[in-house]
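Visitor: Please take one strand and describe its surroundings closely. I would like its neighbours and its two faces covered.

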Amino acid sequence: MLHTPQTISIDESGWMTPARHCCSPNYGPRPEGAEVSLLVVHNISLPPGEFGNGWVEKFFTNRLDPDAHPYFSSIASMQVSSHVLITRTGELVQFVSFNDRAWHAGRSCFAGVTECNDYSVGVELEGTDTLAYTEEQYWVLARLTDTLLAYFPALSPERIAGHCDIAPGRKTDPGEAFDWSKYYSQITSN
């Protein structure tokens with residue numbers, strides 16, 4: 001079943017509709033005066049290269065069983081999150097309010113300003129650096145981007161980056177498989 005919404009809205013508390021809410025404990029308040037002005041595109045799959053199994057949700061909510069897969073023992077103790085996951089079918093899963101600081105970027109810098117978590121929204125695409133993303137994911141990411149651009153006045157299409165752009169040498173996502181031109185062509189706020 002595909003989950004591609006035609007419209008997305010965000011309420012005043014920073015939660016979106018339609019989305020399945022899966023609240024993560026891994027977040028905090030944004031620093032006083034911090035204004036959301038950056039959108040960071042990531043990818044994730046757990047175990048690497050496997051999709052649709054619920055492990056990402058368990059990871060972002062600190063419920064990942066380190067014994068369930070050999071790879072999990074190296075990451076199960078990490079406390080990370082993202083604001084949103086877009087699954088391969090286009091389903092939106094929100095972990096953290098957009099008004100709060102999710103722990104998605106790590107050590108990072110954009111346009112000379114460090115600590116991107118303070119002023120960014122993190123969106124994870126279920127995928128890998130080298131496997132093509134789905135049409136549903138591009139569509140939903142573009143609709144979400146339009147909504148975020150309207151919700152956060154300081155955010156603009158020029159302030160959208162990949163994780164690889166804000167943490168070069170440390171991160172590679174969303175990877176060579178992500179078609180930036182296709183994505184930008186679907187954003188109606190351009």
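Guide: In strand β12 (residues 160-162), alanine 161 is the bridge partner of valine 40. That valine lies in strand β5 (residues 38-44), which pairs with β12 in the parallel sense over 3 bridges. Helices (H or I, at least four residues) and strands (E, at least two) are DSSP runs, numbered from the N terminus, and two strands count as paired if DSSP finds at least two bridges between them. This is a predicted model, in which local features need pLDDT of at least 70 and side-chain atom pairs count only at pLDDT 80 or more, while totals for chains, interfaces and linings use all residues. Residues are numbered from 1 along each chain as its sequence is written, and side-chain values use heavy atoms, with hydrogens and water left out.

β5 also pairs in the parallel sense with strand β11 (residues 120-126), over 7 bridges; there valine 41 has valine 123 as its bridge partner. The open sheet has 6 strands in the order β3-β7-β6-β11-β5-β12, with mixed pairing. Its edge strands, β3 (20-21) and β12, each pair on one side only.

In a regular strand the side chains alternate between the two faces of the sheet. On one side of β5, Leu38, Val40, His42 and Ile44 are buried (under 20% relative accessible area, 1.4 Å probe, protein chains only); on the other, Leu39, Val41 and Asn43 are buried too. Because 7 of the 7 residues of β5 are buried, the strand is largely enclosed by the rest of the structure.

Methods. Buried < 20%, exposed > 50% of the residue type's maximum accessible area, 1.4 Å probe, protein only.
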